[in-house]
Amino acid sequence: MKYALLAYSRPEVDQRGEILPEITEALSRPEVKSWVRLQNAESATTVSSPGDGTLLTDGPFVDSKEYLGGLIVIEAADLDEALAIAADFQSLMRAFGVIEVRPILETG
Amino acid sequence: MLEDVFRQEWGRVLATFLGDIELAEDAAQDAFAAAAERWPRDGQPPNPIGWLITTGRNRAIDRIRRERAFADKAEHLARQLAEQAEESMDEITVFPDERLELIFTCCHPALSLDAQVALTLRTLGGLSTEEIARAFLVPFETMSKRLTRAKHKIRDAVIPFAVPSDELLPDRLDAVLAVVYLIFNQGWGEGRGDLAAEAIRLGRALVELMPDEPDPLALLALMLLNDSRRAARFRNDELVLLDEQDRSLWDRAQIDEGRELLRRAIALRGTGPYVVQAAIADLHLEEPRDWREIATLYGVLAQLTQSPVVEMNRAIALAEINGPEDALELIDQLPLDDYCYFHSTRADFLRRLGRNTEARIAYGRALALTQSEPERRFLEGRMLELGTPVNANWQELWTYTLNDLEQELEGGEEPTR
């Protein structure tokens, strides 16, 4: 079973900063299948189509206090295992924000 | 008789189909429906549970093959079930009891508390969605959506059907106990025996499944000791306070059982909040009540829980020892402005201090907050004793008391600057 850990961070956290060595270490655990970091939220462009054409909006889709800063895909037996891994990452990234755990929909 | 089997065994039967909670519910429902049809005609089978489980299993296999929504997974599951169903129906088979796994799933902290309560009542208690909706005063559709959403989350996020590991167990067990106690209290405030009885049934199941854990023992003791006064708590639908209750209506057998369970919990070195609360409930049954001991235990409980409500209860005990003056000062510092019993307690202290106008206002605040019909009538009765006309519309009542207060203040001393 795969889960996505969506790491949300506060806008004042500079995404381009160095990754802490503890986090690098955690990211190399066997449960971690892949991960990405995102550029700062202000670099986002939102594409939508309210009418016929395409509308481009400067900035992220959801205007909120926390922005999606990165995504980690993990393999876990069940939600308890996934939550335990998420808690480990959260404790390492405590200063940056929160983690949302979402099961990945696998089709085909 | 089938009704009894249903109430007792629903959760047990459902729990054997774990893997998919919706499938489990359907299978259990099918099994009990088949029993309702056959048992009155053919007589109850020698092993009712075995019969129900085997029948449910066969129906589940049919159902999966018919629906084939998730072809591969379903086929695998059907084959697995079919293998287990090979065992003859007449044979006395011992089926493992998996209710404990089920209750830990239903009370998983990844589900909202509302969902935990609803799911526990549905899957373990066998209450219908309709009954649960009525018990919690929400529309049927709301409750139905809540249950469906929770079941889908269990499936999609793979919330495990398992007793948590040792390191998670204490927290998870707390969550389970909190759900059961919440169900009990919902029934208690309303004077509704059905929910309280359901909570006690769940409590008994927990004790049966975890006989060496002190907290489930203490919770069951607490519920039994409180519930033992049920018949005396209402007279013609009116709430009767403990001191005015007819003690001959108390359920002695239940009190004895509660005390024995509490003794066992203490023998297992239980020191948690349910142990202390059960001990307090026990002290409340003594006559005369030992208010010093009660106040001390509330002090212990306040330390354990950091709860202002517990602190308020300690103040009530202190008021019995030293009078309400200091107790009033104590509770006025508590952040409980939205709590019905805070205002009714204040009202009672003020009434005893002869500060009737303030007491009336406090009763008005309590009336505005109460959700329970008998409590509403009780509070109105108290207000009436203070000489206020009882008005069904509390807002008018509130205005009335405010005017009343202003007049009284006008006639009183000049406010000092």
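These are my notebook entries on chain A and its contact with chain B.

**Entry 1: the model and its confidence**

I began by noting that this is a predicted model. I looked up the confidence for chain A and found a mean pLDDT of 88, with 96% of the residues scoring at least 70. I then compared the secondary-structure elements of chain A. Strand E2 (residues 32–37) of chain A has the highest mean pLDDT, 94, and strand E4 (residues 55–58) of chain A the lowest, 88.

**Entry 2: the fold of chain A**

I counted 2 helices and 6 strands in chain A. Along the sequence, I read their order as β-α-β-β-β-β-α-β. For the overall dimensions, I took the box filled by the C-alpha atoms of chain A along the principal axes, and it comes to roughly 45 × 40 × 20 Å. Chain A has 108 residues, and I recorded 31% of them as buried. I also checked how contacts are spread over the sequence: of those in chain A with a separation of 6 or more, 72% join residues 24 or more positions apart.

**Entry 3: Phe96(A)**

I next looked up a single residue, Phe96(A), and placed it in the loop between H2 and strand E6 (97–103) of chain A. Is Phe96(A) buried or exposed? I record Phe96(A) as partly exposed, because its relative accessibility is 30%, which lies between the limits of 20% for buried and 50% for exposed. I also took its separation from Gly69(A): the two residues are 27 apart in sequence, and their C-alpha atoms lie 9.3 Å apart in space.

**Entry 4: the interface of chain A and chain B**

I then turned to the interface. How many residues does each chain bring to the contact? I found 8 residues from chain A and 9 residues from chain B. The two chains bury about 600 Å² between them, and carbon and sulfur atoms account for 66% of that area. On the side of chain A, I noted that Asp78(A), Leu79(A) and Asp80(A) supply 66% of the area this chain buries against chain B, more than any other three residues.

**Entry 5: polar and charged pairs across the interface**

I searched the interface of chain A and chain B for salt bridges and found 1. Asp80(A) and Arg172(B) form a salt bridge through their side chains, at 2.9 Å from N to O. I also found 4 residue pairs in polar contact across this interface. Helix H2 (residues 79–92) of chain A gives the most to the side of chain A that touches chain B, with 3 residues. By class, I recorded that side as 6 nonpolar, 2 charged and no polar residues.

Technical notes: Residues numbered from 1 in each chain as written. Chains lettered and ligands numbered in written order. Predicted model: local features only at pLDDT ≥ 70, side-chain atom pairs only at ≥ 80, totals over all residues. Heavy atoms only, no water. Contact = heavy atoms within 4.5 Å. Buried area = accessible area lost by both parts, 1.4 Å probe. Salt bridge = Lys/Arg side-chain N within 4 Å of Asp/Glu carboxyl O. Polar contact = N/O pair within 3.5 Å; in protein donor to acceptor, adjacent residues only side chain to side chain. Helix = DSSP H or I, 4+ residues; strand = E, 2+ residues; numbered from the N terminus. Nonpolar A, V, L, I, M, F, W, Y, C, P; charged D, E, K, R; others polar. pLDDT = per-residue confidence, 0-100. Buried < 20%, exposed > 50% of the residue type's maximum accessible area, 1.4 Å probe, protein only.
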